[in-house]
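Colleague: Mind walking me through this one? I'm still learning how to read these things.

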There are 2 protein chains.
Amino acid sequence: MAASRQHVSCGLDLHCVTDISNCLSFASNSGYQFITAPIVHPRFQREFILGKSKNRPGAFTRSDLLLTSQDWSSLIVGKLSTWLNLDSPITHIRKNSEQALQQELGYAAHLGLSAVLVSLKSGNCINLARCIHSRILASESYQGMFQVWVEVPMQAAEDLSEVYINQPESTEDSTVAKQIDTWDWWNTFRSVCNTDKKFGLALELSPDIPSEDIINRWMGEPIRCITVPTSLFLTNKKGYPVLSRAHQQVFQNVFKLGVQVLIKGVNRHESIRYYQQYMDHLWMSQPNDDTLAQFARGYEDYLQVPLQPLMDNLESCTYEIFEKDPVKYTEYQRAMYEAILDKVPSTEKDSRVLVLMVVGAGRGPLVRAALAAAKKAERDIKVFAVEKNPNAVVTLQNLQDEMWGSKVTVVSSDMRDWNPPEKADILVSELLGSFGDNELSPECLDGAQKFLKDDGISIPESYTSHLAPLQSPKLYGEVVQMKDREKPHITCFEMPYVVRLHNRTELASPQPLFSFHHPNRDEVINNTRYKNLTFHIENNYVLHGFAGYFDTVLYKNIKLSIVPETHSPGMFSWFPVFFPLKEPIQLKAGCQLQVHFWRCANRKNVWYEWCVTKPVIGPIHNPNGRSYTIGL
Amino acid sequence: MAASRQHVSCGLDLHCVTDISNCLSFASNSGYQFITAPIVHPRFQREFILGKSKNRPGAFTRSDLLLTSQDWSSLIVGKLSTWLNLDSPITHIRKNSEQALQQELGYAAHLGLSAVLVSLKSGNCINLARCIHSRILASESYQGMFQVWVEVPMQAAEDLSEVYINQPESTEDSTVAKQIDTWDWWNTFRSVCNTDKKFGLALELSPDIPSEDIINRWMGEPIRCITVPTSLFLTNKKGYPVLSRAHQQVFQNVFKLGVQVLIKGVNRHESIRYYQQYMDHLWMSQPNDDTLAQFARGYEDYLQVPLQPLMDNLESCTYEIFEKDPVKYTEYQRAMYEAILDKVPSTEKDSRVLVLMVVGAGRGPLVRAALAAAKKAERDIKVFAVEKNPNAVVTLQNLQDEMWGSKVTVVSSDMRDWNPPEKADILVSELLGSFGDNELSPECLDGAQKFLKDDGISIPESYTSHLAPLQSPKLYGEVVQMKDREKPHITCFEMPYVVRLHNRTELASPQPLFSFHHPNRDEVINNTRYKNLTFHIENNYVLHGFAGYFDTVLYKNIKLSIVPETHSPGMFSWFPVFFPLKEPIQLKAGCQLQVHFWRCANRKNVWYEWCVTKPVIGPIHNPNGRSYTIGL
């Protein structure tokens, strides 16, 4: 509950810091966790251009002795001088700015600051990005090096860059001009930096809130901090600062990303403390996570290599987690109930024993659900529980001994090899992966359907994978991190990952990809698939890969889904999958994005290949399953 | 001369081969070096769709025993069946085609064919490309695997794909419809295949010749073969087949790429032999190579890591090659002659001894030129020959002893360290690399200018690098091959190469980049540079990197240049450089291409960084010189 939640991390921006120790005490006494302060005092604008720094005499900034190392690294975010102009067309301004930047970054590293903040004033920031990125890369202790917070306004009026040039400290009086896409500024900056994880966003809250699309796009970016100008606060009846409802709404979104807050600008209320208190109030009054979000806590954007339950035996704890799903087995039970009633009309109720087989019974949740469904339907059933994992069979046999009795027959066998003593009326399985067929349910059920009667029912009766394009520097960065020294670089980009998608933007609604139906009555069964999907792209974006989902029809109208629009409420058994792309692709508003997907198979393996073909054509990912296959 | 030139390699396309041994004899007796023949007879169209191949009984094609392995591998190019349609929207047609393709490619590998030809009928070839590429990659002996010749018409009418579908064997009657860009077909195919070197073009000569731009674009592609339909031949007065002047002109271009020729279609003249004879005649009557081309023979598209003459000492054979340049030293001598005359008016002719210093004298070619210039000008000079390479100093000292006498003083020293006994009137150097400043001429001359009089002359007096965008899958593939197991993959894409550019297309005219002037009288000398260039792109292209050139003003109007438009005729001392890009970038006709270039320096090294920022923004190449630097 809210009471146990940590407080918001809120910082105070200080424009001019004469005594840093005093300033820090002041901010801390006012409830702030950190401050942002210029690395070099604004008056110390330096002139390097002739090789001899024309500084005023003495040190160019305050001494490191003013604070302890611990305080420098945990309480101070250093701000780069706002007069720096590394992209000036005038060479001496540019070169002077380059030298001043080196001096400031060098001093920030010397102090051991954990973050440095740089404000973008336009998309003309290529040399700035290059110089900062170079400095980070050049550090021998890349890991220990500071983070860079790139401050960008959430949106800006068209003439903002002019305004900035003339009045560097004021943006408030910008007229209601056409909005410009400040995301492009950030996108330029981070693209030059090759989407390096060291670079995050300090997103400045704007007076007007951009459209939902634009907000969602920001939600796919690595936001470290939201900057809130004090000018955005209203004053409530009691005289305290509050944000408008629209601004509050933004925080409902960004707080999910675990961002920090930075208050900037002059104090316009009785105490500077009030802003922090208000932000903390907003933080504490977030709605509670839903079941799924609770379950997923800590797994956000964490890449997992998909399970291969066909090749590998699951462990007890894995079964335990999945058995706890509050939705999945209820729906299976409903499906079985309906199927049982359809199979045995009330007239045959006492004369007929229905044969139901659970293939891949695991530790028995579907057996339990089958027995419950039959009981509710008041029909006699005989259950075969087929399981290939000998460890899970131990559990099944114990349950059979102690609870189920003769109604249940436990079969320790791979369903593809078993020869049943009789055929089934209903075949129940739970072999689906996050992408539907990706745990080889089609191949398994094709093998198992030989022991289904000609008019038998398969639960599930069908399933479909779905695909949506994603922007997520976060996930892209995680894939880069998966790089294994023993594998070629390419490998980690040619496989899907199971992941709780979090810091990402979906660039278009998911579309259905591959479908499978059971039992499969085709003359020759072929589970390879090939399809291309076209997505209409509404805004400028960067494409980093695709989200994969699935839905399934268990029986008639009883369905399970992890497709966002139709997600079964509260079901947590499946996180989505992420198919990465080797290189981010820049997408322009209005373009068509086309992707081709293949499901390929040989005698030993199944795998996917994918290839973006519009707006630009790229290489095939995972040809011949060279980087990733699913073993049969 | 022509007499010593090998003959053209000309093949004959056979549509229907009943007896391959006879056909081969026939073609060989008619002067052809190879034949193209269907891997499977067209009548053997197979039907795999229901899993059981509904073939006619018996083998699906002719036996491998009909020819020796040697003949299969050297004389036969296998053609894939024209009915294959791997990109059909109809699943069973697609799947059947996939299986037939596998069978044909498998048989081609079994026979050990060195090439397989596949004809594109449209840009709808993504699955076809994927399947063939997969087969090549899957081969354990990738190196031994056949090449794939992708046949594409040089241009096609808009309704060609329709024509093909209805009349697969005839393209002659296509109306004069709007031309479509068949290059896009090929570009789609090879992009899916990740620009793999195994894939080359069989470019079909079209009745109408496309514009020069379009021809030039094809010249940047890996053309293995030009296909010539017999229908394109005219008949001359004597009854022999000849090509129009426009068609002949195409061959003047493509022959430089060392392509083979393939004659296809029905014999329309007295003997099929005549076509081969005519092509051979065209081949033999190519104009002779110019001096530069002769010098460069064998070096076409061969990547060399740039020399570092400042860090490493050149070898004798390297000096020997460069001293043979027929232009460079003549121009230096002219420049010195003019400078000497300007320095010593005829009134001072007898009273003044001019001091000329050659810094980086090597084995003495500039000393020789200086003495000759002074002699011609009838002025007295005293030459200091400064050289840091102790091995070259041996040559200089011998020359001084045996030939030059007291006019020349040999100084064994790095010019940056030497303390001269007097100052020079003229400072002569030849420190320029293919990209002008890339062998650190600026840094060397900045050091050396301390021994130049205040009114002294530097030869060269200035130099400028130039840059042009390039399309060249060939060069891209060569860079991929440079991959070193011990270095990260990225390294080979973050350095320039010296290379005789050959199989490439220049996408826009070169533009000047960085300029340097000597002597440099700036208060503080700074040789870092930063500039961005914008190129207007007229056609659809793929960008693989940039060509780098330079030109220099030796003295007044005496110049040297390797910029194509102004190349000093016959000068061979410098090949251009190539700056690659990690990922090819697809360019659309009408777009602006912007690239940023930096010349960076620290105390030990100089290096370049580059970054494409339009039409899409990419990462910085070689940040901090992490992959490539030039040592000071």
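Colleague: How many salt bridges are there between chain B and chain A?

Modeller: First, this is a predicted model, where local features need pLDDT of at least 70 and side-chain atom pairs count only at pLDDT 80 or more, while totals for chains, interfaces and linings use all residues. Residues are numbered from 1 along each chain as its sequence is written, chains are lettered from A and ligands numbered from 1 in the order written, and side-chain values use heavy atoms, leaving out hydrogens and water. A salt bridge here is a side-chain nitrogen of Lys or Arg within 4 Å of a carboxyl oxygen of Asp or Glu. Glu609(A) and Arg130(B) meet in one, at 2.7 Å from N to O. Between chain B and chain A the count is two.

Colleague: And what area is buried between chain B and chain A?

Modeller: Buried area is the accessible area (1.4 Å probe) that two parts lose on being put together, summed over both. Carbon and sulfur atoms give 59% of it. The total between chain B and chain A is about 3400 Å².

Colleague: Which strands of chain A stand at the edges of the open sheet?

Modeller: Strands are DSSP runs of E, at least two residues long, numbered from the N terminus, and two of them pair if DSSP finds at least two bridges between them. Five strands of chain A, all paired in parallel, line up as 15-14-13-16-17. An edge strand has a single partner, so one of its sides has no neighbour in the sheet. In chain A that goes for strand 15 (408-412) and strand 17 (452-459).

Note on methods. Helix = DSSP H or I, 4+ residues; strand = E, 2+ residues; numbered from the N terminus.
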